[in-house]
Amino acid sequence: MDFDYTESEQSFRQEVQDFLRENLPPKKDRDEHFLKNWLEKVRERGWVGFSWPKAFGGSDGGLIEQAILKEEMALAKAPPLGTSMMGLAWVGPGIMEYGTEEQKKKFIPDILDSKVTWCTGYSEPNHGSDLAAIQCKAELIGDHYLVNGQKIWTTGAPWSQWIILLTRTDFKAKSKHEGITCFLVPMDSPGVEVKPIKNMAGDKHFAEIFFTDVQVPAENRLGAEGEGWKVTVSALANERSSIGEVTQMFSKLDELKELVRSTRVQGRPAAEDPAVRRQLARFETKIAAMKYNGLRYLTKQIKGEPLSSETSVNKLHRASLEIEMDDFAVSLSGEAGLQLKGGENAVSGGSWSKSALNWPNVVIGGGTPNIQRNIIAERILGLPKD
Amino acid sequence: MNFGFTEEQNLLREQVERFMREDCSLSKVRELCNEQQGFDIQLWGKIAELGWLALTIDPKYGGLGLKWVDLMVVLEETAKGLSPFPILSQALSSTLIDSCGSEHQKERWLPKLANGEMICAIALYDEPNWISEDSIKSSVTLKESSADLGGIKPFVNDANLATHLLVMAQSDDGLKIAMIEKTQAQISVQPTVDTTKPMASVTVNGVSVSRDDLMDCDAEKLDYITNCGALGTTAEMVGSSEALLSLTNEYAKQRIQFGAPIGKYQGVKHRLADIYVDLESFKSLCYFAAWCADDKPEEFARAVSMAKGYSSDAFNQIGIDGVGLHGAIGFTDEYDAQLYLKRSKWARPMFGDSNFHLERIAQLGGI
Ligand SMILES: Cc1cc2nc3c(=O)[nH]c(=O)nc-3n(C[C@H](O)[C@H](O)[C@H](O)COP(=O)(O)OP(=O)(O)OC[C@H]3O[C@@H](n4cnc5c(N)ncnc54)[C@H](O)[C@@H]3O)c2cc1C
């Protein structure tokens, strides 16, 4: 057991820190060219798709360096390394694993160069947690497929150029996991209609999408017909180390402590209230637990042991922290905690009250807590499916 | 960066596992605790022979010169089967001697602790639920070549099993630790919920010790030994929780109600998943704290407080649910789940409960 970093790992960390000092000006000093320059520079360094094989334009980066990179980027509150979060997180890895040579050539460089933004068309109105039951239909007619159906909750649909789309090609398959097929579809195909949906925080990040007789060339199929479930599962498995999130949560905790120091409750400093002090300590403990869970799972991966569903452990912690930390801030601030940006007494510019309305992004978006518990119970503890 | 165990540590784990299976099964534990106050001199000899009492002791004094991570492996595994052997008390005693004793004292005592000839228990605090130098009211009056002890240590783990006791007391010259023979003190075993962790009150009024048997201590060292105690207790909680989760999980697969194993129902399976989440988490915190004990002393206090602050309450709830998820059978004396519930009650206040540790995390975190 050794939590220290090797010399080469430390010098990599130093390299990232030096880069950030030179290339990440404070928010107020960033002009309109900043983001474009930033994306080019991180790309030059080989940090976009850092863990991807060199053959595809990645850097073959090791798991620890990857964690260091994520950690330092999060510490510096740097912008993302690419404009297509989903492209980098699972569409790209999915194409590298299951795509044809043409698909790899066509899509991978654009993802790395932030030239296209991808969205993910999995959920449907009647099939969310039970994803494998999807009904959106694709039918092979000559050299193309005809797609009809509806997707919903598609994050980024209003501004994405491409969608990774899950459809059903076989309605008579023996199990619901068979008969699913995955496609890569341009969002400007005729017959695709996007209707943004406003969420409770007032934003329009996700949308419903209607597909009416949309023609998708057969060469845009990802993986074989009927193999879509496998493609999806293995692509989503790429979504892994939680070190970046942990770092973000530690900085949120620092902000929460700052808030506590400047808040009075019933006329007395909130920081003197033992219940407040313990709650902060519990948050800190849970975030630290996530950190060391993550490192323990990372060690397993490095040793070549397959991870099963352990990542659900941190997802559950993250879900509860995501709800509880903002909620704690809002509640601690009393009436002032209700005010949004622009309010005369808004706390921290209304950032807590706003983010307290945003927890479903994390808590529901990536599989609900109940589903994470089912995963742990069934895949790790071996309990019967319900 | 490596959060794994070495080949040697894995072998050590297997060795302890085998010992617990073959020599110290739960029925043996029950027998020991009901009839012999938790002790068997032959098995103690075997434990000593296997080297588990010598792990963290310097090779200069007959030890193996290993680390807390190694000791943690032993504590985790022995606690799976609720071993009543005072391995933790012994380890804390040798740690205390190592940090407070003179060269001469180390030479005199550590080899005998390493080979199990001396069995040592530590008597730190005098009041329940008060981890502070101020809680130590027992006194030692220094004289020319001897010293007189006075006071009562009401909650001493394993005092009845020990041959010797290390007694923390206040003197005109600061905190001292006296090494006394058990026979010098009055030991009164107290009835408690957990018979696998015997506890006694120790009265030292009028006990005279030679100056050679006194060690100097201070608040910082007291803090350190308390942290080691909290770490050891957490390692034991990891083992015990794992065993209780496994027992309850197996039962949930076998027990049929409404035509299906109860583990199919989410009221049961989700609770088991939550237990897994808590266990994984305080296990990670415990492993990190054990590493800090030897390799990152400046982080040790905070790391240990996180581990113990999380596990104390979590294990308590695991104990309750471990019994509850079994239904009535869990309530019976004959079934083992209840033994773990009792152990969780023991572990909760030991070396600081969650309130103590969470408060310390807040302080160390600048609040
Ligand atoms: C902010 C946000 C962004 C999203 N982005 C995308 C996206 O980009 N692309 C995409 O395809 N989807 C996206 N989703 C959809 C998301 O994946 C689904 O919302 C999620 O899988 C849950 O499905 P559902 O909303 O239909 O709820 P349901 O599945 O209907 O669940 C409703 C409730 O029932 C519970 N439940 C369901 N089944 C069980 C069970 N077996 N046992 C116990 N409880 C159960 C759930 O926990 C939940 O509380 C997004 C969602 C959100 C909130």
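Start inside chain A, where the buried residues of helix H6 pack against four other elements: helix H4 (85-98), strand E4 (162-168), strand E5 (180-186) and strand E8 (221-222). What you're looking at is a predicted model, so take the packing described here as part of a prediction.

Which residues of helix H6 do the packing from the inside? The helix covers residues 228-236 of chain A, and its buried residues are A:Gly228, A:Val231, A:Thr232, A:Ser234 and A:Ala235.

**Chain A as a whole**

Zooming out, chain A has twelve helices and ten strands. Its radius of gyration is 22 Å, close to the 21 Å that the globule rule gives for 386 residues, so chain A is as compact as a globular protein of that length. Here are a few overall values for the chain:

| Property of chain A | Value |
|---|---|
| Span of the C-alpha trace along the principal axes | about 75 × 50 × 45 Å |
| Exposed area | about 18800 Å² |
| Distance between the mean positions of the positive and negative charges | 3 Å |

Of the 386 residues in chain A, 49% are buried. As for the area that chain A exposes, carbon and sulfur atoms supply 51% of it. The charges in that table row number 48 positive and 53 negative.

How much of the contact pattern joins residues at least 24 apart? If you take the contacts in chain A between residues at least 6 apart in sequence, the share is 68%.

**Where chain A meets chain B**

Now for the partner chain. On the chain A side, 44 residues are in contact with 42 residues of chain B. The size of an interface is often given as the accessible area lost when the parts come together. For chains A and B, the buried area is about 4300 Å², and carbon and sulfur atoms give 62% of it. Which residues of chain A lose the most area to chain B? They are A:Met1, A:Arg277 and A:Arg296, and together they account for 19% of what that side buries.

**A closer look at B:Ala362**

A:Arg277 turns up again when you look at B:Ala362. Leaving out residues up to four places away in sequence, B:Ala362 touches A:Arg277, A:Ala281 and B:Ile367. B:Ala362 sits in helix H11 of chain B, which runs over residues 354-364. Is B:Ala362 buried or exposed? Its relative accessible area is 4%, which is under the 20% cut-off, so B:Ala362 counts as buried. Finally, B:Arg302 is 60 residues away from B:Ala362 along the chain, and their C-alpha atoms are separated by 9.5 Å.

Terms used: Residues numbered from 1 in each chain as written. Chains lettered and ligands numbered in written order. Predicted model: local features only at pLDDT ≥ 70, side-chain atom pairs only at ≥ 80, totals over all residues. Heavy atoms only, no water. Helix = DSSP H or I, 4+ residues; strand = E, 2+ residues; numbered from the N terminus. Rg over C-alpha atoms; globule rule 2.2 N^0.38 Å. Buried < 20%, exposed > 50% of the residue type's maximum accessible area, 1.4 Å probe, protein only. Contact = heavy atoms within 4.5 Å. Areas by Shrake-Rupley, 256 points an atom, 1.4 Å probe, with all protein chains shown as cover. Lys, Arg positive; Asp, Glu negative; His and termini not counted. Charge placed at Lys NZ, Arg CZ, Asp CG, Glu CD. Buried area = accessible area lost by both parts, 1.4 Å probe.
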